[in-house]
Amino acid sequence: MFLMDQTIQEASALIIDSNANSRSLMSAQLRDLGVGTVKQTPRVKDARVMLEHQTFDIVLCDYHFDSSDTSGQDLLDELRREGLLPYSTVFVMVTSEATYAKVAEAAEAALDAYLIKPYTSANLAERLASARQRKRILKDIFEAIENEDFETAANLCLARFETKGKYWLYAARIGAELLLRLKRFDDAKTLYEAIIAAKTVPWARLGVARTEVASGNLQKARRTLENLIGDLPDYADSHDLMGHVQMEQGDLGEALKTYQTAATLTPGCLLRLQRCGTLGFYANQRAESLKMLERAMSQGLRSKLFDMLSLVLIGLMRFDAKDFKGFKYTHDSLIAALERAPGSIRLQRFDLVFRGLAFLLERRVGQALIIAREFTEHADAGNFDLEAASLLTALWIRLSSQEVELEEMMPILKSLGTRHCATKASTEIFVSMSEGHQGAAEQFRECHQQIFNVAETAMRHSLRGSAKVAVELLIQQGEKTRNAKLIDMAGLVLKRHAEKIEGAEGLALQIEDLHGRYVKPMTGGPSKARATGGVTLRTSAATVPA
């Protein structure tokens, strides 16, 4: 037995390959190299679940799987995006000559190594040894990230890039991600552009667009992405970011087309499938939405990458179609998820939606009204986000279609609108949830205009030299409406003009209090931490080969 390095006997490996003979051969090769524990699975679906619940030091994954739309690259992309692979894990893609180009391109980014069939044990040993060495050489960077010392990690990456030290390109990509996280957008853009000058790679060009999005320059980002997509139409991550930009600009129809392109390029990607299905729901393409979301449900209901919002949207569509059986099956799946995580406020709210709809299907309108009122009581909570508000809207709208007078509904929807209609995208989501109710749709658009007018007035005060008046207006309206856009804007104006504003410290405390109470991230869903086209910065404990 040849021992690759001193710690290899303590290592665990997972082999993912649909061919039993290939799995057997790879298992024997790994054991000959000294790997202590080797597990196997023939299906990507099962591999995803195993990798979500167990850490492996080595993963050997075939690119192509018989009778499956999902490739090994799809699996790697999802796991990397969601931070489900520690930096210590060496992921090796096994491919044929036919798919070599795609794998080689991926190797420039997040892939540790690849092997072209047929290969020898010596080839495997060489690839593993090289990948594990890279983990050791960059250990100081990984450890700083694990300790959430992002400034130190970024500086270490920059130093390696500037000196063109070993693995400088990989370090540069991590460094750019860190700079984005630290909101050092100009530095991140400079680094991405320097990478492009040294060695043009798609993810660096995408990184430039990401810095432009993060800086709020959506038009410039759109032009950058149009050029990138024109040059590399098969690069799915660029379509993801373009869809995001189109969403932010309120163009749901175009965003859906763009996301559908990304999903077509990676048909086995659970996250993209759900994104398309969700956006299809908001864009009122319900038949296609139902098809995609139910496909995602059948592929990965028990996966960490499955977003339970998909169940609620399926439930709404099954309710509208009066599909009692399909509705109950979906509700039962939600109940099972809630039993596994009984403390989840998000799932409890989803259950309220299902229970309210179930009463409506049974024509027990009074009971459904009680549920809607109970759900409405949640609306004052700081973590009552756009997702929850849109679902509460959906429940009230369906109640109003039951030929009952609901004088309380419109004031409730107005309160939701003034708080959450912060962008064109969020406003269009509410309009979609209005399901053709003209009064509700018009009111949501009026809420968006109201917020826009406040922001515009504040900007005029700021430009005329009355920054303090602008900040006080934004704080006052931010507290009244609880609108995140106004609260964030108050903080930005204060930061820009703090030296000229008397009592800036007191105003900062007020903004901080409002931010803590009302400006909350989305409460769940596997996509909440994803950085399109980026390397996820995993900060949970993980070891690096010694």
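## Exercises on a predicted model

Pro 118 sits in the loop between strand S5 (113-116) and helix H5 (121-137). The model you are working with is a predicted one, so keep that in mind as you go through the exercises.

### Exercise 1: A peptide bond in a loop

Task: find the residue that shares a cis peptide bond with Pro 118, and give the omega angle.

Solution. Start from the loop between S5 and H5, where Pro 118 is placed. Next, look at the bond that joins Lys 117 and Pro 118: this peptide bond is cis. Its omega is about -10°.

### Exercise 2: Positive phi angles

Task: Tyr 167 and Asn 284 are worth a look at the backbone; state the phi of Tyr 167 and of Asn 284, then place each residue.

Solution. Step one is Tyr 167, which has a positive phi of about 65° although it is not a glycine. Tyr 167 belongs to the loop between helix H7 (150-162) and helix H8 (168-181).

Step two is Asn 284, another residue other than glycine, with a positive phi near 65°. Asn 284 is in the loop between helix H14 (270-282) and H15.

Step three: is Asn 284 buried, exposed or partly exposed? Its relative accessibility is 49%. Exposed would require over 50% and buried under 20%, so Asn 284 counts as partly exposed.

### Exercise 3: The protein as a whole

Task: describe the overall build of the protein, and decide how its radius of gyration compares with the globule rule.

Solution. Begin with the secondary structure: there are 26 helices and five strands. The radius of gyration is 25 Å and the globule rule gives 24 Å for 546 residues, so the protein is as compact as a globular protein of that length.

Then add the outer dimensions. Along the principal axes, the C-alpha atoms fill a box of roughly 80 × 65 × 40 Å.

Now turn to contacts and surface. Of the contacts with a separation of 6 or more, 64% are between residues 24 or more positions apart. Buried residues make up 55% of the 546. The exposed area is about 24000 Å², with carbon and sulfur atoms supplying 50% of it.

Finish with charge: the protein has 68 positive and 70 negative charges, and their mean positions are 1 Å apart.

### Exercise 4: Two nonpolar cores

Task: which residues touch the most other members of the largest nonpolar core, and which helix gives the most to this core?

Solution. A general point helps first. In soluble globular proteins, nonpolar side chains tend to be buried together.

Here the largest nonpolar core has 93 residues, and those touching the most other members are Ile 16, Leu 51, Leu 391, Trp 396 and Leu 416. Helix H18 (residues 345-361) gives the most to this core, with ten residues. Apart from this core lies another of 42 residues, including Leu 138, Leu 180, Trp 203 and Val 208.

Take Leu 51 as a worked case. Beyond residues up to four places away in sequence, Leu 51 touches Leu 14, Ile 16, Phe 56, Val 59, Leu 75, Leu 79, Leu 84 and Leu 85.

### Exercise 5: Two residues of helix H20

Task: compile the surroundings of Trp 396 and Ser 390.

Solution. Trp 396 lies in helix H20 (residues 386-400). With a relative accessible area of 0%, Trp 396 is buried. Leaving aside neighbours within four places in sequence, its contacts include Leu 369, Arg 373, Leu 406, Glu 408 and Ile 412.

Ser 390 is also found in helix H20. Its relative accessible area is 2%, so Ser 390 is buried. With the neighbours within four places in sequence left out, Ser 390 is in contact with Tyr 282, Ile 429, Phe 430 and Met 433.

### Exercise 6: A serine and a cysteine

Task: is Ser 303 buried or exposed, and is Cys 157 buried or exposed?

Solution. Ser 303 is in the loop between helix H15 (286-300) and helix H16 (309-320). Its relative accessibility is 8%, so Ser 303 counts as buried. Outside its neighbours within four places in sequence, Ser 303 contacts Arg 48, Glu 52 and Leu 270.

Cys 157 lies in helix H7. At 1% relative accessibility, Cys 157 counts as buried. Neighbours within four places aside, Cys 157 is in contact with Ile 141, Ala 171, Ile 174, Gly 175 and Leu 178.

Definitions and conventions
Residues are numbered from 1 along each chain as its sequence is written. Side-chain values use heavy atoms; hydrogens and water are left out. Helices (H or I, at least four residues) and strands (E, at least two) are DSSP runs, numbered from the N terminus. The radius of gyration is taken over C-alpha atoms; the globule rule is 2.2 Å times the number of residues to the power 0.38. Buried means under 20% relative accessible area, exposed over 50%, partly exposed in between (1.4 Å probe, protein chains only). Contact means heavy atoms within 4.5 Å. Accessible areas come from the Shrake-Rupley method with a 1.4 Å probe; for residues, only the protein chains shown count as cover. Lys and Arg count as positive and Asp and Glu as negative; His and the chain ends are not counted. The place of a charge is taken as NZ of Lys, CZ of Arg, CG of Asp or CD of Glu. A nonpolar core is a set of buried Ala, Val, Leu, Ile, Met, Phe, Trp, Tyr and Cys residues joined through side-chain atoms within 4.5 Å.
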